[in-house]
Amino acid sequence: MGRANSVLVLGAGIQGISVALALRRRGYHVRVIDQMPALMLRTSLRSEGKIHLGFVYANDSSFQTSALMLRAALHFAPLFDDWLEMPVDWRRMSSAPFVYLIARDSMLAPDALYAHYHRLQDFLNEMIAGGEAANYLGNSLRDKKLWQPAARVKTNLFSPNAIAECFETAEVALERTRFRALLRTRLAAFPEITIHYATRVETIERAANGFHVRGTRADGTRWHDDAEIVINCLWDGRLALDAQLGLRPQRAFVMRLKYRVLGELPATLRALPSLTMVLGRYGDVVRYQNAPTYFSWYPACLRGWSQTLTPPSEWDAVCAGNPPPEIADAVARETMTAFEKIIPAIGATRVKSVDGGIIYAWGESDINDFDSELHKRYEIGFTHHDGYYSVDTGKFTTAPLLAQQLVRHLDG
Ligand SMILES: Cc1cc2nc3c(=O)[nH]c(=O)nc-3n(C[C@H](O)[C@H](O)[C@H](O)COP(=O)(O)OP(=O)(O)OC[C@H]3O[C@@H](n4cnc5c(N)ncnc54)[C@H](O)[C@@H]3O)c2cc1C
């Protein structure tokens with residue numbers, strides 16, 4: 001079998017699609033398999049989509065998480081522009097920039113947070129001086145401040161009882177509905193990438209010349225494929241398949257089920273920016289020009305914690321966009337109630353939908369534990385065993401950079 005016919009990518013989320021596009025750019029033909037009827041319909045769609053510049057990882061004193069996020073963020077747009085063979089209009093898909101709110105009971109005091117943010121700016125300046133491109137989703141960060149005091153924000157929107165300080169940043173999130181549509185259109189023009197949807201991968205075993213992979217299609221018929229190279233980008237389905245090849249995590253990990261709420265803000269809050277509250281079990285609001293606003297309040301939205309290789313089967317409906325109505329109602333109610341204590345006018349928001357996704361990470365205690373490994377997210381990426389790659393995406397932000405690294409490894 002020639003090189004071009006032997007690569008099978010499992011999963012059509014941001015990671016699988018990034019890997020497929022990067023492989024195609026290197027001259028490979030790729031087959032991609034996913035259980036859903038179209039690409040990016042699970043975590044990559046239902047997450048917040050922030051392209052992290054490193055602000056929320058201030059409690060990783062090694063600075064490695066923030067350094068990785070910043071580097072990955074600067075690779076995101078240039079890699080996709082190259083893979084898609086077109087200059088993407090990133091600004092059209094970007095959220096309003098994030099304003100950070102420092103909570104009165106933040107795990108780190110403002111001084112410690114600001115020290116981290118100064119370090120971020122210095123690191124960016126060093127990267128640019130070292131020749132790194134400064135393209136952050138279509139915006140040049142050259143000679144720009146990553147953050148500054150929130151001079152343009154109406155701070156009277158926020159309750160002084162909850163918020164100690166706030167500052168503006170250059171950070172944005174990506175509107176995934178538009179991004180998915182763009183990917184679908186471009187992928188349709190690339191015959192080197194074949195995607196088989198509605199196909200659930202169930203087993204993998206080693207063969208004389210690679211791997212046998214088997215599963216079931218949505219219509220109940222059996223599916224199988226043979227490949228020299230298999231790249232597992234199944235996210236919450238990843239560990240179960242790895243285990244069939246004897247590959248198990250050697251340290252504690254956790255899968256968390258986290259909900260999101262989409263809604264329409266009242267007219268009085270039309271000028272509200274995107275918000276992230278630090279540092280602890282707080283939440284985010286993401287504002288788009290032509291898409292619903294995203295809300296997530298951590299204590300209300302965190303609804304599941306699993307340390308088994310396969311997450312509980314009842315999480316599946318939530319991740320496919322069909323949560324149990326009574327839980328969805330509770331999530332929406334508790335989320336908006338919590339935000340109302342910080343932004344009093346927010347209570348008039350009209351909730352449109354509630355669903356969720358899974359977050360896989362190393363660690364075994366929650367983020368309110370100062371020593372939790374959840375504050376350190378740099379030990380991500382791929383492992384490799386005789387043609388079998390397994391990719392821990394880590395974050396939406398890091399997927400393109402990891403895909404580039406994997407394909408370079410594969411190409412030798
Ligand atoms: C609520 C929430 C908020 C988040 N916020 C951010 C953020 O702001 N910024 C950020 O950078 N990251 C964020 N993340 C993390 C980020 O979303 C994930 O790291 C990223 O989307 C994972 O991408 P993926 O392609 O690996 O997984 P997915 O997008 O889940 O893709 C995996 C694919 O594999 C398929 N699949 C799984 N098992 C099987 C199987 N057995 N057979 C066939 N197909 C299968 C699925 O259908 C899916 O399409 C957040 C996550 C959540 C849940």
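**Sheets, helix packing and domain contact in a predicted model**

Three strands, or as counted here 3 strands, form an open sheet in the order β9-β10-β11, with antiparallel pairing. In this sheet β9 and β11 (222-227) are the edge strands, each with a single partner strand, so one side of each is left without a neighbour in the sheet. Neighbouring strands are turned by 20° against each other on average, direction ignored. The model is a predicted one, in which local features need pLDDT of at least 70 and side-chain atom pairs count only at pLDDT 80 or more, while totals for chains, interfaces and linings use all residues. Residue numbers start from 1 along each chain as its sequence is written. Helices (H or I, at least four residues) and strands (E, at least two) are DSSP runs numbered from the N terminus, and two strands are taken to pair if DSSP finds at least two bridges between them.

Within the three-stranded sheet, strand β9 (residues 199-207) is joined to strand β10 (residues 210-217) by 8 bridges, and the two run antiparallel. The connection from β9 to β10 is a hairpin through 2 residues. Along this pair, Arg200 has Thr216 in β10 as its bridge partner, Val201 is partnered by Gly215, and Arg206 stands opposite Phe211. Phe211 also has a bridge partner in β11, namely Ala227. The antiparallel strands β10 and β11 are joined by 6 bridges. They too form a hairpin, with 4 residues between them, and Gly220 in the turn has a positive phi of about 90°.

A further open sheet consists of 6 strands in the order β8-β2-β1-β12-β20-β19, and its pairing is mixed. The edges are occupied by β8 (193-196) and β19 (381-385), each with a single partner strand, so one side of each is left without a neighbour in the sheet. Here neighbouring strands are turned by 20° against each other on average, direction ignored. Strand β2 (residues 30-33) pairs with β8 in the parallel sense over 4 bridges, and within this pairing Arg31 stands opposite Thr194 in β8. Helix α11 lies across β12 (229-232), β19 and β20 (388-392), and runs at about 25° to β19. For such angles, axes are lines fitted to C-alpha atoms, for helices over the stretch in contact, and the values run from 0 to 180 degrees between N-to-C directions.

Helix α11 also packs against α1, at an angle of about 45° and with the axes 8 Å apart. The two helices are therefore oblique to each other, given that angles under 35 degrees count as roughly parallel, over 145 as roughly antiparallel, 65 to 115 as roughly perpendicular and the rest as oblique. The crossing of α1 and α11 is right-handed, a term used if the near helix is turned clockwise from the far one by less than a right angle, left-handed being the anticlockwise case. On the α1 side the contact involves Ile14, Gln15, Ser18, Val19, Ala22 and Leu23, which meet Ala399, Pro400, Ala403, Gln404, Leu406 and Val407 in α11. Residues are in contact if their C-beta atoms, placed from the backbone, lie within 7 Å. The residues of this helix contact divide into 9 nonpolar, 3 polar and no charged, where Ala, Val, Leu, Ile, Met, Phe, Trp, Tyr, Cys and Pro count as nonpolar, Asp, Glu, Lys and Arg as charged, and the others, Gly among them, as polar.

The domain assignment divides the protein chain into domain 1 (3-44 + 179-250 + 380-410) and domain 2 (70-174 + 252-374), with bounds that come from an automatic or database domain assignment. The C-alpha centres of the two domains lie 27 Å apart. In the contact between them, 20 residues of domain 1 meet 22 residues of domain 2. On the domain 1 side, the elements that give two or more residues are α1 (14-25), α6 (176-188), α7 (238-244) and α11 (399-410). By class, this side has 11 nonpolar, 4 polar and 5 charged residues.

Two loops have notable backbone geometry. The peptide bond from Val278 to Leu279 is cis, with omega near -10°, and Leu279 lies in the loop between β14 (274-278) and β15 (283-286). Phe63, found in the loop between α2 (43-46) and α3 (64-84), has a positive phi of about 70° although it is not a glycine.

Note on methods:
Two residues are in contact if their C-beta atoms, placed from the backbone, lie within 7 Å.
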